[in-house]
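Let's walk through this chain the way you might at the bench, starting with its cysteines and working out to the sheet and the core. Have the sequence and the model open side by side.

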Amino acid sequence: MAESSTKILGVVLFLVLVSKGYGQCSLSDLSVKQSQTGVKVQQKEEWSVTITNNCACVQKNVLLNCYGFQSAESIDPSVLRVSGSNCLLNNGQPIYKDAVSFKYASDQQFPLNPVSSEIACS
């Protein structure tokens, strides 16, 4: 009977932790939202990008798909560093619940989809 109660308590504790967000996160927990600012930079539309981590765990070394990405305005390389077909977000530093934001200027919205990250739960 005691062994059965211990198992049930363990399962309940596990479910509580998972429901609080302490379960394993995934790349899909990174949300990328883009919108036009209404400003023109070198006759190109300016886009505001906000990337949010919707998981209780941090995600670091976040790479976005940047194949062919170009901007008519400079972007702080500690926020977004283009390297080949990928961009390193936030200088590889952990992304918590706080959003990472930047702006770029282009004729059209560029799909900055997350391609990889390292998930760290404590």
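## Cysteines first

Cys57 and Cys121 are joined by a disulfide, with an S to S distance of 1.7 Å. Keep in mind that this is a predicted model. The torsion about that S-S bond is about 100 degrees, so the disulfide is right-handed. It links distant parts of the chain: Cys57 sits in the loop between S2 and S3, while Cys121 is in the segment after S7, 64 residues apart. The two ends have their own surroundings: Cys57 is buried at 3% relative accessibility, and Cys121 is partly exposed at 38%.

How many disulfides are there by this rule? The count comes to 3, and here they are:

| Disulfide | S to S distance |
|---|---|
| Cys25 and Cys55 | 1.4 Å |
| Cys57 and Cys121 | 1.7 Å |
| Cys66 and Cys87 | 1.9 Å |

Counting the bonded cysteines along the chain, the pattern reads 1-2, 3-6, 4-5.

The Cys25 and Cys55 pair also links distant parts of the chain, with Cys25 in the loop between helix H1 (2-19) and strand S1 (30-41) and Cys55 in the loop between S2 and S3, 30 residues apart. Cys25 is buried, with a relative accessible area of 7%, and Cys55 is buried with 7% as well.

As for Cys66 and Cys87, their link is left-handed, with -125 degrees about the S-S bond. Cys66 lies in the loop between S3 and S4 and Cys87 in strand S5, so this pair ties together parts that are 21 residues apart in sequence. Both of these cysteines are buried.

## Strands and their partners

Cys87 leads us into the sheet, since Leu64 stands opposite Cys87 in S5. Strand S3 (residues 58-65) and strand S5 (residues 86-89) run antiparallel and are joined by 3 bridges. They belong to an open sheet of 4 strands, in the order S4-S5-S3-S7, with antiparallel pairing. Strands S4 (80-83) and S7 (114-120) stand at the edges with a single partner strand each, so one side of each has no neighbour in the sheet. On average, neighbouring strands here are turned by 20 degrees against each other, direction ignored.

S2 and S6 also pair, in the antiparallel sense, over 7 bridges. Glu45 stands opposite Ser106 in S6, and S6 is mostly covered, with 5 of its 7 residues buried.

## Charged pairs

By this rule there are 2 salt bridges. Which residue does Lys40 meet in one of them? That would be Glu45, with N to O at 2.8 Å. Lys40 is exposed, with a relative accessible area of 53%, whereas Glu45 is buried at 19%.

Lys44 forms a salt bridge with Asp107, with the closest N and O atoms 3.3 Å apart. Lys44 lies in strand S2 and Asp107 in the loop between S6 and S7, so the pair ties together parts that are 63 residues apart in sequence. Lys44 is partly exposed at 27%, and Asp107 counts as exposed at 57% relative accessibility.

## Into the core

The largest nonpolar core has 19 residues, and Leu64, Phe69, Leu80, Leu89, Phe102, Tyr104 and Leu112 touch the most other members. Strands S2 (44-53), S3, S5 and S6 (100-106) each give two or more residues to this core. Leaving out residues up to four places away in sequence, Leu89 touches partners including Ile51, Val62, Leu64, Leu80 and Phe102.

Terms used. Residues are numbered from 1 along each chain as its sequence is written. This is a predicted model: local features need pLDDT of at least 70, side-chain atom pairs count only at pLDDT 80 or more; totals for chains, interfaces and linings use all residues. Side-chain values use heavy atoms; hydrogens and water are left out. Two strands pair if DSSP finds at least two bridges between them. Axes are lines fitted to C-alpha atoms, for helices over the stretch in contact, and angles run from 0 to 180 degrees between N-to-C directions. A nonpolar core is a set of buried Ala, Val, Leu, Ile, Met, Phe, Trp, Tyr and Cys residues joined through side-chain atoms within 4.5 Å. Buried means under 20% relative accessible area, exposed over 50%, partly exposed in between (1.4 Å probe, protein chains only). Contact means heavy atoms within 4.5 Å. A salt bridge is a side-chain nitrogen of Lys or Arg within 4 Å of a carboxyl oxygen of Asp or Glu. A disulfide is a pair of cysteine sulfur atoms within 2.5 Å.
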